[in-house]
Amino acid sequence: MTIHSRISTDFAAPAVPRATLPDSQMATISLAGLAVPVVKGGLYDRYRSNPPLSAIAAEDPDIDLSWFRQIGKEKVDMGFESFSPNFYYRSRRITAVFTADLQRLQDLMPAKVLEAVHPLRIWPGRGLVALTAYAYDCCDNDSCNEIGLSVITSRPGSTGRGPFALLSQSLSSDLWGYVLKLPVNTELARVRGVVGYNLPKWRTDIRYRETEKSVIAEIFDSETSRIDVMFEGRKLGRLSNSGSLVTNSFTNLDHQGQLTTGHAISRQLGHASSSHADSVKIHLTEGGLSAYIKALKLGRLVRYEYVPLFQSALYAPRPL
């Protein structure tokens, strides 16, 4: 099996103008000393990450809010005043986990982070990366789309680095990673992520759409406005609706160079997985993110996850 059955590099990338709301529908707020545009009268404009659940129910009566009623929020200083955790009430995602060049992954992680965690080794010379496309349809930050590219790592303090460490994380639904890239399509999500969570975010156009058989995420190059990466995943059948909880944690450095960790707990209300190579298609171009992915030397698809409905609580980072 070769990577070319899933990853193509001959994709034509037409220029597409960025989709934005007209100025009349936007307001400007001050966040971390920056002027940030937000949706006028939206959730963030009105409530600054702490909306009452009654406001969510009024906007979308079909959302099941029972899980969020069990979770308390607290005021925190994240470089700006906010509330933790941040709630994502209705979201979708697709995730593809590939093998990648282990040495390259190690080279991309800061030395201080490598003192705490290491890329998991699936077999000699090969680690794992996860590419995820998120559509946050209703959250405390209004709505936004996001693309995550992460190294799958050991837990802090763990000596296990091989397949059994990965199996242990999978069985406990407690997954760890180091985030390499995290583009988003709103300035609010970018500023909150960079300042508050120490994450490598930048703003660019990201389109998330669905066909009868597939979910397609299109990531545009922020400099050329052309399609950079297209990530397509199959809509899988036999969805599990168990509401299972999964914890995703990350380790990184704060703005003072100190180790921090953050995590999100997700309630999966519809999900299915596959390891078939034809579940995923990735089209790469000459864009910046495509070049970065090519350098990882992706190999075999290890796992594909189709999650058409999930909820999440993202906690503020803390020192590791």
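Select Ser91 to begin, and it will appear within strand E6, which runs over residues 86-101; helices (H or I, at least four residues) and strands (E, at least two) are DSSP runs numbered from the N terminus. Ser91 has 0% relative accessibility and therefore counts as buried, where buried means under 20% relative accessible area, exposed over 50%, and partly exposed in between, with a 1.4 Å probe and protein chains only. Leaving aside neighbours within four places in sequence, show the residues in contact with Ser91, namely Ala135, Tyr136, Asp137, Pro308, Leu309 and Phe310; contact here means heavy atoms within 4.5 Å.

Before moving on, bear in mind that this is a predicted model, in which local features need pLDDT of at least 70 and side-chain atom pairs count only at pLDDT 80 or more, while totals for chains, interfaces and linings use all residues. Residues are numbered from 1 along each chain as its sequence is written, and side-chain values use heavy atoms, with hydrogens and water left out.

Next, step back to the start of E6 and select Ser84 and Pro85, which are joined by a cis peptide bond with omega of about 0°. Pro85 belongs to the loop between strand E5 (81-84) and E6.

Now select helix H6, residues 187-197, and pick out Val194 within it. Val194 has a relative accessible area of 25% and is partly exposed, whereas eight of the eleven residues of H6 are buried, so the helix is largely enclosed by the rest of the structure. The buried residues of H6 are Glu187, Leu188, Ala189, Val191, Arg192, Gly193, Gly196 and Tyr197. Not counting residues up to four places away in sequence, Val194 touches Leu199, Lys201 and His255; the C-alpha atoms of Val194 and His255 are separated by 9.4 Å, although the two are 61 residues apart along the chain. Just after H6, select Asn198 to inspect its backbone, where phi is positive at about 60°.

From there, go to Leu182, in the loop between strand E9 (174-181) and H6. Leu182 is buried, with a relative accessible area of 7%, and its C-alpha atom is separated by 9.9 Å from that of Val194, twelve residues away along the chain. When residues up to four places away in sequence are set aside, Leu182 touches Glu146, Ile147, Gly148, Leu199, Pro200, Lys201 and Trp202.

Two further backbone stops follow. Select Ala32, in the loop between strand E2 (26-31) and strand E3 (34-39), where phi is near 55°, a positive value in a residue other than glycine; Ala32 is partly exposed, at a relative accessible area of 33%. Then select Lys297, in the loop between helix H7 (288-295) and strand E16 (301-319), where phi is likewise positive and near 55°; Lys297 is exposed, with a relative accessible area of 53%. In helix H7 itself, select Ala295, which counts as partly exposed at 31% relative accessibility. A distance drawn from Ala295 to Leu34, C-alpha to C-alpha, gives 34 Å across 261 residues of sequence.

Turn next to the interior. In soluble globular proteins, nonpolar side chains tend to be buried together. The largest nonpolar core (a set of buried Ala, Val, Leu, Ile, Met, Phe, Trp, Tyr and Cys residues joined through side-chain atoms within 4.5 Å) has 41 residues, and those with the most contacts inside it are Ile94, Phe98, Phe231, Val280, Ile282, Leu296 and Leu298. A second, separate core of 27 residues includes Tyr88, Cys139, Leu199 and Val307.

Finally, display the whole protein chain, which contains seven helices and 16 strands. Its radius of gyration, taken over C-alpha atoms, is 19 Å, close to the 20 Å that the globule rule (2.2 Å times the number of residues to the power 0.38) gives for 320 residues, so the chain is as compact as a globular protein of that length. The C-alpha atoms fill a box of roughly 50 × 45 × 40 Å, taken along the principal axes, and buried residues make up 52% of the 320 residues. Among contacts with a separation of 6 or more, 69% are between residues 24 or more positions apart.
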